[in-house]
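User: Got a model here that I'd like to go through with you. Can we start with how the helices pack?
Analyst: Sure, put it up.

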Amino acid sequence: VDLIVAPTRLIKEGKLQEAFDVCQKELQKAPVSLSLLLRAALAAGMLKHPDAQKYSQKVAKIMTAIMSSGTGYSQDKAIKVIFISDEYAIFRDGMRFVLSQQDFIDSRYDRMTLETGNKGESIILWFDTYLVQQKRKGD
C-alpha cells in the first residue's frame, strides 16, 4: 500500500505530472504492481501523455494475469496477488465493491466480504497472499 500513497495523493491534488513521475520511479522497483500501473495510466491519460495507451494495456495484461490465477470464490480458488494493494485495486477500482469485513485466514489468505452496491447484496472474495509473504522474506 505504501507504493501508492504518494501517487494517489498527488493525483487528488491535481499534480498529475508529479504523480506520473513518482509512478514511473516506483514501477522500476515494482513493475507488475497493478495499483501503481492504474495510477500511472490515470495520470498519463489525464496528461494526454504519449505513453497513456501503453500503461492502459499493461493494466489490462496484469489484471488478466491476476484474475486467471483463481476465481476468488473459495479458499482453494483464491486470487493470487503479489502486492496487497492489488487486492483493493481489483475489488474497489475494478469491480466498484466496498469492503465490509476482512479476515486473515491460515496466515496466508485474505477473505473479504464485499458490498456489491445492489441492495443488501454482498459477496466473499478470497485472495492468496503467499507471494506477498515470500517477497517480504526476500527483501
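Analyst: One cut-off before we begin: an angle over 145 degrees between axes counts as roughly antiparallel. Also, this is a predicted model.

User: Fine. At what angle do α3 and α4 pack, and how far apart are their axes?
Analyst: The angle is about 155 degrees, and the axes lie 8 Å apart. Helix α3 covers residues 34-47, and helix α4 covers residues 52-67. The two are therefore roughly antiparallel to each other.

User: Left-handed or right-handed crossing?
Analyst: Left-handed, as α3 passes α4.

User: Which residues make the contact?
Analyst: From α3: Leu34, Leu37, Leu38, Ala40, Ala41, Ala44 and Gly45. From α4: Ala52, Tyr55, Ser56, Lys58, Val59, Ile62, Met63 and Ile66.

User: How do those divide into nonpolar, polar and charged?
Analyst: The contact has 12 nonpolar residues, two polar and one charged.

User: Now the loop between α3 and α4. What's the phi of lysine 48?
Analyst: About 55 degrees, so positive, although lysine 48 is not a glycine. Lysine 48 sits in that loop between the two helices.

User: Buried or exposed?
Analyst: Exposed. Lysine 48 has 73% relative accessibility, and the cut-off for exposed is over 50%.

User: Switching to the strands. Where is serine 107?
Analyst: In the loop between β2 (98-105) and β3 (109-115).

User: And its phi?
Analyst: Near 55 degrees, a positive value in a residue other than glycine.

User: Is serine 107 buried or exposed?
Analyst: Exposed, with a relative accessible area of 53%.

Terms used:
Residues are numbered from 1 along each chain as its sequence is written. This is a predicted model: local features need pLDDT of at least 70, side-chain atom pairs count only at pLDDT 80 or more; totals for chains, interfaces and linings use all residues. Side-chain values use heavy atoms; hydrogens and water are left out. Axes are lines fitted to C-alpha atoms, for helices over the stretch in contact, and angles run from 0 to 180 degrees between N-to-C directions. Helices (H or I, at least four residues) and strands (E, at least two) are DSSP runs, numbered from the N terminus. Angles under 35 degrees count as roughly parallel, over 145 as roughly antiparallel, 65 to 115 as roughly perpendicular and the rest as oblique. A crossing is left-handed if the near helix is turned anticlockwise from the far one by less than a right angle, and right-handed if clockwise. Contact means heavy atoms within 4.5 Å. Ala, Val, Leu, Ile, Met, Phe, Trp, Tyr, Cys and Pro count as nonpolar, Asp, Glu, Lys and Arg as charged, and the others, Gly among them, as polar. Buried means under 20% relative accessible area, exposed over 50%, partly exposed in between (1.4 Å probe, protein chains only).
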